[in-house]
Structure formats: structure tokens, C-alpha cells
Amino acid sequence: MIAAADLALTGTPVRVGDGTIADALAVRDGSVVSLHPDEVAELIGPRTRVLDRAGALVVPGFQDCHVHAPPAGRERLTIDLHDMDGRQAYLDSIAAYVAANPDAEWITGGGWALEHFPGAAPRRADLDAVTGELPAFLFNRDVHGAWVNSAALERAGIDASTPDPSDGRYERDDDGTPSGMLHEGAAYTFLSRWVPEPSRDEWAAAILYAQRHFYSLGITGWQDAWVTAETLAAYTSLAESGQLTARVVAALWWDRHRGLDQIAQFCSQREQAVGSFHPTTVKIMVDGIIENQTASMIEPYCAGCGRDGDNHGLDYVDRDLLIAAVTELDSLGFQVHMHAIGDRAVRNALDAVEAACTANGPSDNRHHIAHLQVIDPEDLPRFAQLDVVANCQTYWAQTEPQMDELTIPFIGRDRAELQYPFEALRQAGARLAMGSDWAVTTADPLQQMEVAIRRIDPEHRDNAPFLPEQALSLAVALSACTVGSAYTNHDESGGVLSVGSRADFAVLDQDLATLSGMLSDASVVCTVASGAVVYGEV
């Protein structure tokens, strides 16, 4: 006698992942056992949970292949400035947190946006007024800078005589006194040296918050793009206790102040794989961001943008070292996940993979480059030629204040038209995956797909599309954030729904193909991971 299904879906279309539609789905012991309506009907027993919802749609579980779960969850549990409208709202929120936490030793959190401050630089005096003598460190929305107060600068001994680090800078007043904004390496070094590290329990709580948030959005697996020794320990403890129920790939953080010696540490950390947790990737920051002119560009930034016209940005990892690192990591079976914003950074990352392929031969390591804001057209075909995954943050491809005020003026109109060339990458044969970079922007795959398809902010629907010729189709966008991201995460059973595959899927309240409004008008009503209902109800 055939055992009954644990869960069955009937009367609801199921997108199985290859463009085809099934009419039913049955799950037993965490796996899909049937997609045929007659078979599914026979598998329904007295204890089978049945969902029959007309007008809904079942899709494979979304996967996010570039996210920052621990710090994003941590911000949500401390000071969360995301989605607030301006400087005064930030200060009011910080003041409320200080009042509610009288025993705090440091004020931490983040999520503020550059465009809400004159010159994209918040000032310590504003923060002093609401934090008093408590030191404060607050990352900005894109985590490439931090807002600090006078007490924090004093703790660190940073004053007018302190030189800028080689990979960052202090925003300064006319007399050289740091004004409260730390850029790039200045922020990261400050964080590591002076801000108390959250405990393992605090990091674990942040990861569990993130997992709940992802499940509410239909996300059943992710790649964490910034895993340190401390967050690795929290992930491992959660996996060992069974609390980490999603499938997670950890991208171990490459310290750009060190060299190849750190690879031995990665080999040791890789042994901490437990269950569905896989620390098998290394993340390398190749450059910075355009908004503070640290993205690495082939041609210099525009004169008159606060620089002398000869600034090409920063290469956080020297090209020769990058080539050596990727080559050795590839030979050891690591996947390499590279941050590259500027066109020179993208080229250097591709050169590194090409060198690794030449030295080591073909592999299945599935290296990928994230962000890809500006790509020289000559480099587009190289993604397919080198089998490098284009890890797209599609939500960024829209018109918004940061784009108008802090990007286009610094790179000029011609290069601005090369931004986020997702359709050009697809036409060139590149494999596309999607990552949100949460909490930099929303983790919601429906909103990310909406921008990928329309190149318009879902919250400002009257905006003109941003470079609409680079828009993706619904089928391509859906594939990128399911099977494309699952491929990148080395998840052979993810991103698709087929007999024998792991039962990871999301139930949407509307069929995306027939939706009259925007994709973001739909919502997830139920998420299933490994056959278990982890969000909503059946």
C-alpha cells in the first residue's frame, strides 16, 4: 500500500521551474512525490494537509544568493533606520532607542540613506544631540559607510591629526576635524577595533530573525555574503541545534589587509559544514561603490564631483593578488563570490577567473560576480565564456535620488547608460542569478522581479523606467531567483519542483502571469521548506 502524502496542493497551478505548469503537487517525507492530479488525489489520506486555492500560484522556493542576514537581523533588533524619510526621522528613532535602553554601552544599528544629508555626509553634532556621552556607530543603508558621534571618535582617538586609511577616508570639517562620516575601510576598521562584538547568542537571534523574514517572503535558501568567524560560529550552532531549517551557503570573508595566508583558515572553516549549512564560498570585495567614488573604474570619475578628475576609484585587492587568490581558491574547490561595482573591478574579477581556468582547467565551482553596476560592453560575452554567474541586484536598476544625485553626476551620462545591463548579459549567454543585498534594499523577491521587469520603483509607479531596454521578461526574472540562484548555491534540488526534489515552495495569492497590477501587488500566503510549513497556513 502506498503511503499517503503529508501535504497536497490541488486546484492550484504549480510552476515547476522549467516554464511548464503542473496542476497538483504531493509531498511526503520532505520531498515531492507527484505532480499529476490523479496520483495526487490517490495520495490524499485522512492526515494529509490539503490546500485547494483557486487563483493562487505555487512557485519553487525563492533563493537569494547575496544577502547579509546577521547584520540585517541585528539592525532590526536594535536601531532600524531603513524606510524612514529623512534626517529628523532618524534622530527621533535614535533618541527613542536611547531612552528605552538606559543600560546600553554603545548605540548601534543602521539603515540611513546618503541622500538625506547635505553632501551625503551626516554630522556627529546631530548624533551627539540625541546620544549624549554614549558612543554611537550606525552603518548607512549600503553598509559602505558609518555615522559616528563625538564620543565614538574620542574612544578611538581619531582627530584632525589622524591620517585616512589606505582603503577609506574620514569626512572632515575645514580644519581637518572628522565630522562624523566614515567611508569604506575607515568604517570597517573602526567597527572591528572599537565597537563591541555581539555575543554568539545575539548573532544567533539575528539570524533567526532573518530566517523568519525570509520565510515570510517565500525564500527557502540563501547565500550569506559576509560571514566572519563570529557569525560562522552562530550559524554552526543553529545548524547543530536544528534551528537553522533553511539551506544556507556561507561566503567566508576575505580580509583585504591580508594575503594568501588566510586560505588555510578558510579550509579549516569549511569543515564546519552541518546539515543544510555549507561554508563553501569565499567572498572578495574587489572595489567599493560609485556614490563615494571608491568603485574601480576604467576611466576616471568626472571632474567637478569633489575629486581632481584623475580618480579611478579603489582596487581593494590588487589585481595580481586577486588573480593568485582566485586561482588558489579554485584549485581547492572553493566557490569565489566577488563584489564588483565598477567596470574595472568587473574586468579584474573576470581576469582572475580566466587565470584560474587556465591554471586549473574547468571546474564546477560556479564563481559569481555580484552587483555589476557598470560593465564595459567588451566584457559582456566573457561571463558565458568563463561560466561566471551574473549575480544581479535587480532592485537597484531604478531611478531614485541616490542615482540622480550621487551616481550619474560622478560617472557621466555615457557610462550611466551602461548600468545594470541584465538583458544584455542574458543575450550574451550569461547565467543570471538574483540576490537582494538585504538589508541594503528589500529582500522581497516579488519587488526585485518587478524592478527587473519594469525598471521602475514599485512605490513610485509613475516614474520613467530606468534604461528599459535592459528589462527582463517575467520568465527570465523568475528563473533567476529560483533555479539561477539555486544553481549558484550548488543546490541541485532547489529552484525546481520535480518528483524527488526537495519540497521547497511558496504559495502566492495571485498568478503572476495574469496579474493586472505589479508583481509586488501579490503576496506570499504560505512557504514550505523541506516539506514543512514554515510560514502561513495550509
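**Note on a predicted model: cavity lining, hairpins and open sheet**

1. By class, six nonpolar, four polar and one charged residues make up the lining of the largest cavity. The structure under review is a predicted model, and the points below describe that model.

2. The residues that line this largest cavity are Phe62, Gln63, Asp64, Ile219, Met434, Gly435, Ser436, Ala443, Pro445, Gln448 and Cys481. Two elements, β6 (62-67) and α16 (445-454), give two or more residues each to the lining. The largest share, three residues, is that of β6. Asp64 is one of the lining residues; Asp belongs to the charged class, whereas Gly is counted as polar.

3. As to extent, the largest cavity has a volume of about 50 Å³. The count of cavities of 30 Å³ or more comes to one.

4. Towards the start of the numbering, strand β1 (residues 7-15) pairs with strand β2 (residues 21-28) in the antiparallel sense, over six bridges. Within this pair, Val14 stands opposite Ala22 of β2. The hairpin of β1 and β2 has five residues between the strands, and Gly17 takes a positive phi near 120° there.

5. Strand β2 also pairs with strand β3 (residues 31-34), again in the antiparallel sense, here over three bridges. In this pairing Ala26 faces Ser34 of β3 as its opposite residue. The hairpin of β2 and β3 has two residues between the strands, and Asp29 takes a positive phi near 55° in this hairpin. Strand β2 thus has a pairing with β1 and a pairing with β3.

6. A further sheet deserves separate attention. Six strands form this open sheet, in the order β7-β8-β9-β10-β12-β11, and the pairing is mixed. Its edge strands are β7 (79-80) and β11 (168-172), each of which pairs on one side only.

7. Inside that order, strand β8 (residues 107-112) and strand β9 (residues 136-140) run parallel and are joined by five bridges. Gly109 stands opposite Leu138 of β9. In a regular strand, side chains alternate between the two faces of the sheet.

8. Which strands does helix α3 lie across? Helix α3 (residues 87-100) lies across β7, β8, β9 and β10 (145-148). With respect to β8, the helix runs at about 155°. Among the strands that α3 lies across is β7, an edge strand of the sheet.

Note on methods:
Residues numbered from 1 in each chain as written. Predicted model: local features only at pLDDT ≥ 70, side-chain atom pairs only at ≥ 80, totals over all residues. Heavy atoms only, no water. Pairing = 2+ DSSP bridges. Helix = DSSP H or I, 4+ residues; strand = E, 2+ residues; numbered from the N terminus. 1 Å grid on protein atoms, 1.4 Å probe; cavity = no way out; pocket = protein on both sides within 12 Å on 5 of 7 lines; lining within 4 Å. Points joined across faces, edges and corners; volume = space filled by probe spheres on them. Contact = heavy atoms within 4.5 Å. Axes fitted to C-alpha atoms, helices over the stretch in contact; angles between N-to-C directions.
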